[in-house]
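Work through these exercises with the model open beside you. Try each task before reading its solution.

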Amino acid sequence: MSTTAPLYLANVAAIAILTLGLYFPRHGRRDLVVAYLGVNLGIMAVSSVLLSTAVGAGLGLGLFGVLSIIRLRSDELAQHEIAYYFSALALGLLSGLGSEPVMALSLMATVLAAMFVADHPLLLRGYLREVVVVDRALTERAALVDYLEGRLGGTVKHLAVQRLDFVNDTTTVDVRYRAASRRPALAVAR
């Protein structure tokens, strides 16, 4: 058995864990599961073939860049979806470029562990981001923060006014905030 076969099997296991064990249960987008699986396996296959030809890894990494540009331009993805996309690409490259098996397997495990932790629902769960259209044209930052904190029920950490419309009397704001912790109400004994 060649040293690449275990890497191919490890890649299939790793991409299954990434897509079906982490991504889909947390985010539920079936279309991206298919995309991540297809890109991963395609990158693994192409990089494996490139490794056995005279063109080498340089062309493989160039292909990595071209594929990422094409995919990212074809549909708007959220930042966490981009992270999963690049993780799928990295796993495919690690298995297909014929790296030293222990190093490749270690790096694949590191990618999976990083995604497990970084996208865990309990990590920074109270920090949220919204794009809000305020029904007033608010020019004073303090007034805008007060308004947003009242409406969102949290503490504004950062905001960026995207559009201030005096004609329609609206303000469009990209706001990052920490939601107020909701503690369960105490039961009153009667």
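**Exercise 1. Aromatic pairs**

Task: Find how many aromatic pairs the whole structure holds, then classify the pair of tyrosine 23 and tyrosine 36.

Solution:
- Start with the count. This is a predicted model, and a search of the whole structure finds five aromatic pairs.
- Next, get the geometry. The ring centres of tyrosine 23 and tyrosine 36 are 5.2 Å apart, and the planes meet at 85°.
- Apply the cut-offs. Centres must lie within 6.5 Å, and planes over 60 degrees apart count as edge-to-face. The pair of tyrosine 23 and tyrosine 36 is therefore edge-to-face.
- Locate both partners. Tyrosine 23 sits in helix H1 (residues 4–27) and tyrosine 36 in helix H2 (residues 30–51). They are 13 residues apart, so the pair links distant parts of the chain.
- Check burial. Both tyrosine 23 and tyrosine 36 are buried.
- Widen the view. Ring pairs join Tyr23, Tyr36, Tyr84, Tyr85 and Phe86 in a cluster.

**Exercise 2. Valine 145**

Task: Decide whether valine 145 is buried or exposed, and list what it touches beyond its sequence neighbours.

Solution:
- Place the residue. Valine 145 belongs to helix H6 (residues 141–152).
- Read its accessibility. The relative accessible area of valine 145 is 17%. Buried means under 20%, so valine 145 is buried.
- List the contacts. Leaving out residues up to four places away in sequence, valine 145 touches Val156 and Leu159.
- Take one partner further. Valine 156 is eleven residues from valine 145 in sequence, and their C-alpha atoms are 6.5 Å apart.

**Exercise 3. A nonpolar surface patch**

Task: Name the residues of the nonpolar patch on the surface, then class phenylalanine 116 by its accessibility.

Solution:
- Name the members. The patch consists of Phe116, Val117, Leu123, Leu124 and Tyr127.
- Add the area. Together these residues have about 490 Å² of accessible area.
- Place phenylalanine 116. It lies in helix H5 (residues 101–118).
- Class phenylalanine 116. Its relative accessibility is 40%. Partly exposed covers values between 20% and 50%, so phenylalanine 116 is partly exposed.

**Exercise 4. The whole chain**

Task: Describe the order of helices and strands, the buried share and the exposed surface.

Solution:
- Count the elements. The protein has six helices and three strands.
- Read their order. Along the sequence the pattern is α-α-α-α-α-β-α-β-β.
- Take the buried share. Of the 190 residues, 33% are buried.
- Look at contacts. Among those between residues at least 6 apart in sequence, 64% join residues at least 24 apart.
- Finish with the surface. The protein exposes about 11700 Å², with 63% supplied by carbon and sulfur atoms.

Terms used: Residues are numbered from 1 along each chain as its sequence is written. This is a predicted model: local features need pLDDT of at least 70, side-chain atom pairs count only at pLDDT 80 or more; totals for chains, interfaces and linings use all residues. Side-chain values use heavy atoms; hydrogens and water are left out. Helices (H or I, at least four residues) and strands (E, at least two) are DSSP runs, numbered from the N terminus. Buried means under 20% relative accessible area, exposed over 50%, partly exposed in between (1.4 Å probe, protein chains only). Contact means heavy atoms within 4.5 Å. Accessible areas come from the Shrake-Rupley method with a 1.4 Å probe; for residues, only the protein chains shown count as cover. Patches are made of residues with over 30% relative accessible area and no salt bridge: like charges are joined within 9 Å, nonpolar side chains (Val, Leu, Ile, Met, Phe, Trp, Tyr) within 5 Å. A salt bridge is a side-chain nitrogen of Lys or Arg within 4 Å of a carboxyl oxygen of Asp or Glu. Rings of Phe, Tyr and Trp (its six-membered ring) pair if their centres lie within 6.5 Å; planes under 30 degrees apart count as stacked, over 60 as edge-to-face and the rest as tilted.
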